[in-house]
Amino acid sequence: MSRTSNGKGWRGLRLFKRREDDLYERSFRSCPGCHTDVHVFFDVCRHCGGALELLAG
């Protein structure tokens, strides 16, 4: 009996699960003043002008 007889097909050996890349989500954080998404490298919110603290990851 072949491996493809079950209809699923053979996908090979998988050692690691693929995860969705969350780089986009990690690139933004919420402004404490107005709760708008702000890039992690910005030190001032463009929306409200509030100062942001740079966080070490």
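Here are some notes on the structure above, point by point.

1. Before anything else, keep in mind that this is a predicted model, where local features need pLDDT of at least 70, side-chain atom pairs count only at pLDDT 80 or more, and totals for chains, interfaces and linings use all residues. Residues are numbered from 1 along each chain as its sequence is written, and side-chain values use heavy atoms, with hydrogens and water left out.

2. Let's start with the layout. The chain has one helix and two strands, and along the sequence they come in the pattern α-β-β. Helices (H or I, at least four residues) and strands (E, at least two) are DSSP runs, numbered from the N terminus.

3. Next, the surface. The chain's accessible surface is about 5800 Å², and 53% of that belongs to carbon and sulfur atoms; such areas come from the Shrake-Rupley method with a 1.4 Å probe, and for residues only the protein chains shown count as cover. Of the 57 residues, 11% count as buried. Buried means under 20% relative accessible area, exposed means over 50%, and partly exposed is in between (1.4 Å probe, protein chains only).

4. Now take a look at Phe16, in the segment before helix H1 (23-26). Phe16 is exposed, at 70% relative accessible area. Together with Leu13 and Leu15, Phe16 makes a nonpolar patch on the surface, with about 450 Å² of accessible area.

5. Where does Ser27 sit? You'll find Ser27 in the loop between H1 and E1. Ser27 is buried, with 17% relative accessible area. Setting aside neighbours within four places in sequence, Ser27 is in contact (heavy atoms within 4.5 Å) with Val38, His39 and Val40.

6. His35 deserves a second look: its phi is positive, about 65 degrees, although His35 is not a glycine. His35 belongs to the loop between strand E1 (28-30) and strand E2 (37-39), and His35 is exposed, with a relative accessible area of 60%.

7. Finally, the cysteines. How many disulfides does the structure hold? The count is zero, where a disulfide is a pair of cysteine sulfur atoms within 2.5 Å. The closest cysteine sulfur to that of Cys45 is in Cys34, and at 3.7 Å this is too far for a bond. Cys48 is in no disulfide either, with the nearest cysteine sulfur, that of Cys31, 3.7 Å away. As for exposure, Cys45 counts as buried, at 3% relative accessibility, whereas Cys48 counts as partly exposed, at 41%.

Key:
Patches are made of residues with over 30% relative accessible area and no salt bridge: like charges are joined within 9 Å, nonpolar side chains (Val, Leu, Ile, Met, Phe, Trp, Tyr) within 5 Å. A salt bridge is a side-chain nitrogen of Lys or Arg within 4 Å of a carboxyl oxygen of Asp or Glu.
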